[in-house]
Amino acid sequence: MNTKSEKNIIVELQDSKEAPMDLLELADPSIDQVNKYLKHGRCFVLKLDLDIIVGAMVLQENSPDKIEIKNIAVSEQHQGQGFGKLMLNFALDFATKSGYQKLTIATGNSSIGQLALYQKVGFEIVDVVKDYFIRNYSEPIFENGITCKHQIVLEKDILA
Ligand code: ACO
């Protein structure tokens, strides 16, 4: 499945070995976690001017009616230009066309900008997994002057 916006295009990679790890690591500092969901999920890249990869996203089915955005990232020099929103809307469109009822995304309690963005596009907080990042990540994570401890899970209903 591809989508085009002027000269920008989102394409699915056929081989996860081609995944842009530098981008995926921006969103998730654990290579082990990234490799785990790359194995089971589907990796999409956003190409600028049909060529340069500036964004990446991994989608993984959690159950027959739920799909999750496990990773979403835009290269640092291209952030804040609407590419994140473009990929979130692509994921929503993909989930809708694939017949899922819910689209999930999760992030840390310290990811203030991401929490703002996800809620702006219609995701709602449905769960908080206490100490998720303490238990699952070997190195401490700090953002916005806050320790990342808890996982905030957000969902968006897909309207038929
Ligand atoms: N308060 C309020 N709104 C904010 C804040 C904030 N602190 N920070 C960002 N935003 C809003 C902006 O205002 C903008 O909304 P607007 O268009 O209504 O003004 C929106 O967030 C940003 O939108 P985009 O430009 O589309 O986002 P961008 O292209 O920068 O992509 C992304 C967002 C993917 C989070 C990018 O910044 C990134 O790659 N960050 C590093 C990796 C990362 O943290 N990934 C997500 C981890 S969670 C996961 O992967 C499941």
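**Aromatic pairs, nonpolar cores and ligand surroundings**

Phe 44, Phe 90 and Phe 94 form one aromatic cluster in this structure, which is a predicted model. The structure holds 6 aromatic pairs in total. Among them is the pair of Phe 90 and Phe 94, which is stacked, with 6.5 Å from centre to centre and 20 degrees between the planes. Both of these residues lie in helix α3, where 4 residues, or about one turn of the helix, separate them. Phe 90 has a relative accessible area of 3% and is therefore buried, and Phe 94 likewise counts as buried because its relative accessibility is 5%. A further pair is made by Tyr 118 and Phe 123, whose ring centres are 6.3 Å apart and whose planes stand at 65 degrees, so that this pair is edge-to-face. Tyr 118 and Phe 123 are both buried.

The nonpolar interior was examined next. The largest nonpolar core contains 28 residues, and of these Met 57, Ile 69 and Phe 123 touch the most other members. At least two residues of this core are supplied by each of the strands β3 (42-48), β4 (52-63), β5 (66-74), β6 (102-108) and β10 (151-157), and likewise by each of the helices α3 (83-97) and α4 (112-120). Helix α3 provides the largest share of the core, namely 7 residues. Apart from this core lies another one, of 14 residues, which includes Ile 9, Ala 19, Val 45 and Ala 56.

The surroundings of individual residues add detail to this picture. When neighbours within four places in sequence are left aside, Ile 69 is in contact with Met 57, Val 58, Leu 59, Leu 88, Ala 91, Leu 103, Thr 104, Ile 105 and Phe 123. One of these partners, Thr 104, lies in strand β6 and counts as buried because its relative accessibility is 5%, which falls under the limit of 20%. Not counting residues up to four places away in sequence, Thr 104 touches Lys 66, Ile 67, Glu 68, Ile 69, Phe 123, Val 153, Leu 154 and Glu 155.

Another threonine, Thr 147, lies in strand β9, which spans residues 146-147. Thr 147 has a relative accessible area of 31% and is therefore partly exposed, since this class lies between the limits of 20% and 50%. With residues up to four places away in sequence again not counted, Thr 147 touches Asn 109, Ser 110, Ile 141 and Phe 142. Thr 147 and Val 45 are 102 residues apart in sequence, and their C-alpha atoms are 30 Å apart in space.

The ligand was considered last. Around the ligand there are 24 residues, of which Val 74, Gly 82, Gly 84, Lys 85 and Gln 114 come nearest. Backbone atoms take part in the polar surroundings of the ligand: a backbone N or O atom of Ile 72 lies 2.8 Å from a nitrogen atom of the ligand, and a backbone N or O atom of Gln 81 lies 3.2 Å from an oxygen atom of the ligand. In the case of Lys 120, a polar side-chain atom lies 3.0 Å from an oxygen atom of the ligand. On its own, the ligand has 1,000 Å² of accessible area, and the protein covers 71% of this area.

Definitions and conventions: Residues are numbered from 1 along each chain as its sequence is written. This is a predicted model: local features need pLDDT of at least 70, side-chain atom pairs count only at pLDDT 80 or more; totals for chains, interfaces and linings use all residues. Side-chain values use heavy atoms; hydrogens and water are left out. A nonpolar core is a set of buried Ala, Val, Leu, Ile, Met, Phe, Trp, Tyr and Cys residues joined through side-chain atoms within 4.5 Å. Buried means under 20% relative accessible area, exposed over 50%, partly exposed in between (1.4 Å probe, protein chains only). Contact means heavy atoms within 4.5 Å. A residue is near a molecule or strand if one of its heavy atoms lies within 4 Å of it. A polar contact is a pair of N or O atoms within 3.5 Å; within protein, one must be able to donate a hydrogen and the other to accept it, and residues adjacent in sequence count only if both atoms are side-chain atoms. Accessible areas come from the Shrake-Rupley method with a 1.4 Å probe; for residues, only the protein chains shown count as cover. Rings of Phe, Tyr and Trp (its six-membered ring) pair if their centres lie within 6.5 Å; planes under 30 degrees apart count as stacked, over 60 as edge-to-face and the rest as tilted.
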